[in-house]
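The following note collects points on helix packing, local backbone geometry and internal space for the model under review. Please read the points alongside the coordinates.

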Amino acid sequence: MSSQYTSETYPLPASVAFSGPDNTGKTKQIGILARRMGPAATSAGPLDRYAPRWATIKADGMARWWFETSRVEEVADVLATSYLERSRHPFSAPVRLLDRGIPMLEATVAATVAVRENLGTTHAADRVRLLLAPYEADLRAAEEDEYALVLLHCDDPEEGARRSLAHEVTVTDTYAAYQRHLHEQINRLVAEGRFPMSIRIGGRPTITIQDEVRRLLAPLHPNVPSRALAGVHVTALGGMSESGKSTAGEYLRTQHGHARLKIGYLIEDAAGRAGIHDPYRLGSVVQAELIVDALDRFCQAHHFLDSVSIESLHDFDSTAELARMLGPQLTIAYLDASEATRTRRGTAGAQDVADRDLVKSARGADKIVSIAHEVIGNDGPRLRLERRLDRIALDRRWPEHQPCTMPVNALGLPVHLESYLAEFLDRTTGLRPLIDLLAVTGSGARGKYQHGWSDLDVLVVADTSSLDEMRQILAELEAELGGVKLGLTVLTRAECRAGAVTSRLLHVLALIGSGALVPLWSTPGLALPAPDAATDVAVSLRDGIQAAIEIRRQLLKGTPDLRGLYKVTALLAKIQLRFRGIECPSDSDALTVLLDAGRQDTSVVTTARTERPAAEALARLVLQAWLDTLPGETR
């Protein structure tokens with residue numbers, strides 16, 4: 001028997017058969033998909049509902065009948081007639097989901113005879129063809145009506161069998177041998193092309209596999225959703241009464257763009273669609289599946305979402321199942337506050353808090369702390385809570401990056417400044433480094449340093465405990481600057497990771513993360529967050545607003561500071577270009593590009609540094625370009 005289908009020529013399927021060895025999650029994947037598709041899909045249910053003989057077999061002991069008391073011809077007959085009866089059973093939904101397809105009949109019987117008759121893979125396959133010969137035509141027709149999808153632990157049958165058996169509470173020698181043979185037979189059928197679509201589980205979470213299932217099946221029927229929570233991260237908030245869950249959810253919504261959802265709403269919405277009247281009487285696994293189902297629907301309807309928070313985690317077992325289903329797409333954040341703090345926060349009195357705690361404890365809500373990814377102590381000020389939430393939100397959006405470094409002489413700075421930086425590094429990066437990172441920023445980092453015009457701008461990442469020693473070193477080296485103004489900024493690692501930085505410093509971190517700015521020194525293994533380009537652009541708006549205000553302050557002075565006016569004008573030009581997707585680190589380049597885009601005379605850029613009329617004219621042109629983006633502004 002062999003399928004007539006190829007991966008390029010599938011017809012619109014009536015039946016989708018999920019095949020694979022035991023404990024690959026076939027039944028769970030079918031259940032998730034069937035619930036999500038609603039009336040558009042139906043699950044065919046277990047095979048034993050399609051033949052009356054199964055009741056007697058199960059009553060007498062399934063394992064004994066399968067491996068000891070029955071003849072192999074009887075095993076083949078019971079299984080074949082069950083598969084065929086299922087294939088003939090009428091169904092009204094557009095898609096029927098089958099737990100094990102026709103090729104699994106062959107694999108199952110072959111593994112059984114291999115154990116019972118001590119046969120190798122090839123001989124067992126030959127034996128099963130003889131056993132199933134009376135049903136061959138009907139089985140071929142049934143298989144041709146199936147869309148065949150197989151779930152495998154991995155490509156190695158021996159390792160796959162080990163993973164299947166690892167999920168069992170008790171394992172007999174006979175069952176272990178059967179699993180090894182079953183994996184070998186399924187892999188043989190895969191090699192023969194009987195499963196045109198296959199998925200390797202590989203320990204991945206349930207929803208990741210479901211997403212791959214849907215991507216395979218979506219082109220075959222319009223009722224199959226195309227993805228499952230693709231690219232969506234869920235932060236689930238837990239904690240006892242008045243621990244700050246609602247405050248945390250609202251902060252994630254307003255500051256980090258999370259959709260804020262209540263778990264009760266999710267469970268009840270999914271239960272209503274499934275016709276379940278009292279979902280809270282169901283087991284924890286089903287409740288977790290309902291939460292995921294409702295999340296899936298909500299996020300598909302709001303396809304622009306990539307972050308969701310849900311509150312409040314109320315049950316330990318359903319939370320543990322949720323973690324298994326979502327894997328890395330879930331962050332469990334448990335807010336931990338003392339009883340005294342929570343009682344003080346309660347508006348209805350201490351007894352109300354105690355009563356609600358009792359209900360939560362009965363469901364195991366207090367035990368969720370043991371499986372939380374983040375435990376946030378929330379007895380302190382709200383600012384501390386918000387910084388922890390910043391860190392959680394940004395850890396996902398800003399991947400960490402270990403920067404490369406380059407020598408000081410690669411910057412092309414004047415000799416005395418190279419000497420200054422080299423000496424500073426020698427004193428701060430010895431056996432006990434005072435700093436974690438040093439990078440030159442601004443014009444000095446781009447080979448654009450101009451003596452008498454440019455400052456020496458430096459970013460240092462260091463702990464505040466180093467400040468006193470650093471201050472002493474700076475004082476001792478000050479004369480080597482030769483009058484050049486040093487703009488030194490110090491940040492801690494924690495500030496970087498929580499995004500507690502100005503928009504200009506966030507831009508510097510983004511440049512370091514992308515490799516556009518290379519530090520002079522970094523402690524081994526240091527990883528800094530790399531802010532995403534969209535955030536970098538968005539937060540630069542604040543600098544644009546401030547620059548536009550500062551330009552007018554300079555223009556109102558009797559004698560404007562030409563250097564200050566030129567610098568702030570260039571900054572406003574850079575920010576406008578950044579919103580167009582153009583990054584121009586050089587002041588003169590940014591000004592020229594902006595004026596050229598507006599079909600303005602660019603010659604003014606060359607004289608604006610030294611001539612007041614040119615500097616003021618340039619400032620007005622750049623300011624007007626900014627104001628033209630506002631509604632109601634005209635020339």
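1. In this predicted model, helix 5 (residues 102–117) packs against helix 6 (residues 121–131) at an angle of about 115°, and the two axes are 8 Å apart. The crossing of helix 5 past helix 6 is right-handed. On the helix 5 side, the residues in contact are E106, V109, A110, V113, A114 and E117, and helix 6 contributes A124, R127, V128, R129 and L131. Sorted by class, this contact of helix 5 with helix 6 comprises seven nonpolar and four charged residues, with no polar ones.

2. Helix 5 also packs against helix 9 (residues 173–191), here at an angle of about 135° and again with the axes 8 Å apart. Helix 5 is therefore oblique to helix 9. The handedness of this crossing is right-handed. From helix 5, the participants are P103, M104, E106, A107, T108, A110, A111, T112, A114 and V115; they meet T174, A177, Y178, H181, L182, Q185, I186, R188 and L189 of helix 9. The class count for the contact of helix 5 with helix 9 is twelve nonpolar, five polar and two charged residues. E106, A110 and A114 of helix 5 appear both in the contact with helix 6 and in the contact with helix 9.

3. A further helix pair joins parts of the chain that are remote in numbering: helix 1 (residues 26–37) and helix 13 (residues 284–301) have axes that come within 10 Å and cross at roughly 50°. Helix 1 is thus oblique to helix 13. Their crossing is right-handed. K28, R35 and R36 are the helix 1 residues that meet helix 13, where the partners are V285, V286, E289, L290, D293, D296, R297 and Q300. What is the class make-up of the contact of helix 1 with helix 13? There are seven charged residues, three nonpolar and one polar.

4. Two backbone features merit inspection. N23 is not a glycine, yet its phi is positive, at about 65°; N23 belongs to the loop between strand 1 (15–19) and helix 1. The second feature is a cis peptide bond between E311 and S312, with omega of about -5°. S312 is part of strand 8 (residues 307–313).

5. A contact between residues separated in sequence involves R324, a residue of helix 14 (residues 316–326). The C-alpha atoms of R324 and P205 are 6.0 Å apart, whereas the two residues are 119 residues apart in sequence. With residues up to four places away in sequence left out, R324 touches P205 and T206.

6. Turning to open space, the largest pocket has a volume of about 1,200 Å³. Its lining consists of 44 residues, of which G442, R446, D457, R504 and K574 are the closest to the pocket centre. At least two lining residues come from each of strand 13 (456–461), strand 14, helix 21 (503–514), helix 22 (533–556), helix 23 (562–578) and helix 24 (587–597). Which element gives the largest share of the lining of the largest pocket? Helix 23 does, with eight residues. By class, the lining of the largest pocket has 17 nonpolar, 13 polar and 14 charged residues.

7. As for enclosed space, the structure contains four cavities of 30 Å³ or more. The largest cavity holds about 40 Å³ of space. Y420, L421, F424, L438, V458, L474, L486 and L488 form its lining. Two elements, helix 18 (415–428) and strand 14 (486–491), each give two or more residues to the lining of the largest cavity, and helix 18 has the largest share with three residues. The lining of the largest cavity is made up of eight nonpolar residues, with no polar and no charged ones.

8. The two linings may be read together. Strand 14 supplies at least two residues to the lining of the largest pocket, and strand 14 also gives two or more to the lining of the largest cavity. In class, the pocket lining includes 14 charged and 13 polar residues, whereas the cavity lining has no residues of either class.

Terms used. Residues numbered from 1 in each chain as written. Predicted model: local features only at pLDDT ≥ 70, side-chain atom pairs only at ≥ 80, totals over all residues. Heavy atoms only, no water. 1 Å grid on protein atoms, 1.4 Å probe; cavity = no way out; pocket = protein on both sides within 12 Å on 5 of 7 lines; lining within 4 Å. Points joined across faces, edges and corners; volume = space filled by probe spheres on them. Helix = DSSP H or I, 4+ residues; strand = E, 2+ residues; numbered from the N terminus. Nonpolar A, V, L, I, M, F, W, Y, C, P; charged D, E, K, R; others polar. Axes fitted to C-alpha atoms, helices over the stretch in contact; angles between N-to-C directions. Parallel < 35°, antiparallel > 145°, perpendicular 65-115°, else oblique. Left-handed = near helix turned anticlockwise from the far one by under 90°. Contact = heavy atoms within 4.5 Å.
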